[in-house]
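Hello,

Here is the structure I promised to pass on. Please have a look, then read my notes below.

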Amino acid sequence: MMAEDMDFGAGMLYTLEDEEGNELEFELLEEMEYEDATYCALIPYHEDSEELLEDDGEFVVLKKEMVDGEEMLCTIEDDDEYETVGRLFVQQLNAFFDEEEDEE
């Protein structure tokens, strides 16, 4: 089941570590419940608005999991699961921006 209320650009920041051990900052775009799990769509964080405009607009999808009693954002290992959840986020984003255009 997907979250009904969408609050894109929620502003919560996460520092994530990539495969090489580099720390990168990401901003939470949205969270979604799907098949008894919580997923997060994150975009690279840019302090400078010009950098944000130059960004390619791609987002990362991670899954919330309990690891050693602590909630962590984890990579989705299953390609089908990643594709399905990614498509759901894209549909929600498209619907959100379509509604915004209709209001103008």
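**Strands first**

Five bridges link β1 to β2, the strand of residues 23–34, and the two run antiparallel. One of the pairs is easy to find: L13 has E27 in β2 as its bridge partner. Bear in mind that this is a predicted model.

**The whole sheet**

β1 and β2 belong to an open sheet of five strands. The order is β1-β2-β3-β4-β5, and the pairing is antiparallel. β1 (13–17) and β5 (70–74) are the edge strands. Each has a single partner strand, so one side of each is left without a neighbour in the sheet. From one strand to the next, the twist averages 45 degrees. As background, strands of a sheet pair through backbone hydrogen bonds, in parallel or antiparallel fashion.

**The chain overall**

The protein chain has two helices as well as the five strands. Read from the N terminus, the elements go β-β-β-α-β-β-α. The chain has 104 residues, and 29% of them are buried. It exposes about 7700 Å², with carbon and sulfur atoms supplying 43% of that. Take the contacts between residues at least 6 apart in sequence: 37% of them join residues at least 24 apart.

**Two cores**

Which residues have the most contacts inside the largest nonpolar core? They are L29, Y39, F59, V61, V85 and F89, in a core of 14 residues. β2, β3 (37–44) and α2 (79–103) each give two or more residues to this core. Another core lies apart from it. That one has seven residues, including Y14, L16, L28 and C40.

**Two residues to click on**

Start with V61. Beyond its neighbours within four places in sequence, V61 is in contact with Y39, C40, I76, Y82, V85, G86 and F89. Of these, Y39, V85 and F89 are also on the list of best-connected residues in the largest core. C40 is a member of the seven-residue core.

Then go to L73, which lies in strand β5. Not counting residues up to four places away in sequence, L73 touches Y14, L16, C40, L42, L62, K63 and K64. Among these, Y14, L16 and C40 belong to the seven-residue core. C40 is thus a contact of L73 and a contact of V61. How far apart are the C-alpha atoms of L73 and V61? They are separated by 9.3 Å, with the two positions 12 residues apart along the chain count.

Best wishes

Terms used. Residues are numbered from 1 along each chain as its sequence is written. This is a predicted model: local features need pLDDT of at least 70, side-chain atom pairs count only at pLDDT 80 or more; totals for chains, interfaces and linings use all residues. Side-chain values use heavy atoms; hydrogens and water are left out. Two strands pair if DSSP finds at least two bridges between them. Helices (H or I, at least four residues) and strands (E, at least two) are DSSP runs, numbered from the N terminus. Axes are lines fitted to C-alpha atoms, for helices over the stretch in contact, and angles run from 0 to 180 degrees between N-to-C directions. Buried means under 20% relative accessible area, exposed over 50%, partly exposed in between (1.4 Å probe, protein chains only). Contact means heavy atoms within 4.5 Å. Accessible areas come from the Shrake-Rupley method with a 1.4 Å probe; for residues, only the protein chains shown count as cover. A nonpolar core is a set of buried Ala, Val, Leu, Ile, Met, Phe, Trp, Tyr and Cys residues joined through side-chain atoms within 4.5 Å.
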